[in-house]
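User: Please take a close look at one part of this model: the charged and nonpolar side chains on its surface. Walk me through them in one connected answer.

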Amino acid sequence: MSMTTIKVPTQLRDRINRDAQERGLPAAGLIESLLDAYERRRRMELFGRAFRGADAEYWDEFTSWDLTVGALPDEA
């Protein structure tokens, strides 16, 4: 894995290091976990927007599949 340096204000660097230390992570680990969480939230927001925009045809098909799957016997 190659490494690089990014320029951030000293105050931000200190915050990153402090929060990383509190979590027992290296600074890169904290940044990665924060970025992962941010990307997940964005995916969920986009999914929610698409879900709320679903039309009646989608919900009719959803109901049809829901009834079909609900009628299947449970696996032991």
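Analyst: Arg 42 is partly exposed, with a relative accessible area of 32%. This is a predicted model. Arg 42 forms a salt bridge with Glu 45. The closest N and O atoms of that pair are 3.0 Å apart. Glu 45 is also partly exposed, because its relative accessibility is 37% and the partly exposed class runs between 20% and 50%. Both residues belong to helix H2, which covers residues 27–52. Three residues separate Arg 42 from Glu 45, about one turn of the helix.

How many salt bridges does the structure hold? There are three. Another joins Arg 13 to Asp 14, where the closest N and O atoms lie 2.8 Å apart. Arg 13 has 40% relative accessibility, so it counts as partly exposed. Asp 14, at 39%, is partly exposed too. The remaining pair is Arg 18 with Asp 19. Here the closest N and O atoms are 3.2 Å apart. Arg 18 is partly exposed at 44% relative accessibility. Asp 19 has a relative accessible area of 24%. That value is not under 20%, so Asp 19 is partly exposed rather than buried.

Helix H1 spans residues 10–23. It has 14 residues. From its first C-alpha to its last, H1 reaches 20 Å. That is close to the 20 Å expected at 1.5 Å a residue. Just after H1 comes Gly 24, with a positive phi of about 70 degrees.

Next, the nonpolar surface. Phe 47, Phe 51, Tyr 58, Trp 59 and Phe 62 form a nonpolar patch there. Together these side chains carry about 490 Å² of accessible area. Which elements give two or more residues to the patch? They are H2 and H3. H3 provides the largest share, three residues.

Two members of the patch deserve a closer look. Tyr 58 sits in helix H3. Its relative accessible area is 37%, so Tyr 58 is partly exposed. Phe 62 is found in helix H3 as well. Phe 62 counts as partly exposed, because its relative accessibility is 39%. Both values are over 30%, so Tyr 58 and Phe 62 pass the accessibility cut-off for a patch. How far apart are Phe 62 and Phe 51? In sequence, 11 residues separate them. In space, their C-alpha atoms are 12 Å apart.

Negative charge also gathers on the surface. Asp 55, Glu 57, Asp 60 and Glu 61 make up this patch. Is Glu 57 buried or exposed? Glu 57 is exposed, because its relative accessibility is 61% and the exposed class starts over 50%. Glu 57 lies in helix H3, residues 56–70. Helix H3 therefore holds Glu 57 of the negative patch along with Tyr 58 and Phe 62 of the nonpolar one.

To draw the picture together: H2 holds the Arg 42 and Glu 45 pair and also gives residues to the nonpolar patch. H3 gives that patch its largest share, and Glu 57 in H3 belongs to the patch of negative charge.

Note on methods
Residues are numbered from 1 along each chain as its sequence is written. This is a predicted model: local features need pLDDT of at least 70, side-chain atom pairs count only at pLDDT 80 or more; totals for chains, interfaces and linings use all residues. Side-chain values use heavy atoms; hydrogens and water are left out. Patches are made of residues with over 30% relative accessible area and no salt bridge: like charges are joined within 9 Å, nonpolar side chains (Val, Leu, Ile, Met, Phe, Trp, Tyr) within 5 Å. Accessible areas come from the Shrake-Rupley method with a 1.4 Å probe; for residues, only the protein chains shown count as cover. A salt bridge is a side-chain nitrogen of Lys or Arg within 4 Å of a carboxyl oxygen of Asp or Glu. Lys and Arg count as positive and Asp and Glu as negative; His and the chain ends are not counted. The place of a charge is taken as NZ of Lys, CZ of Arg, CG of Asp or CD of Glu. Helices (H or I, at least four residues) and strands (E, at least two) are DSSP runs, numbered from the N terminus. Buried means under 20% relative accessible area, exposed over 50%, partly exposed in between (1.4 Å probe, protein chains only). The expected span of a helix is 1.5 Å times one less than its number of residues.
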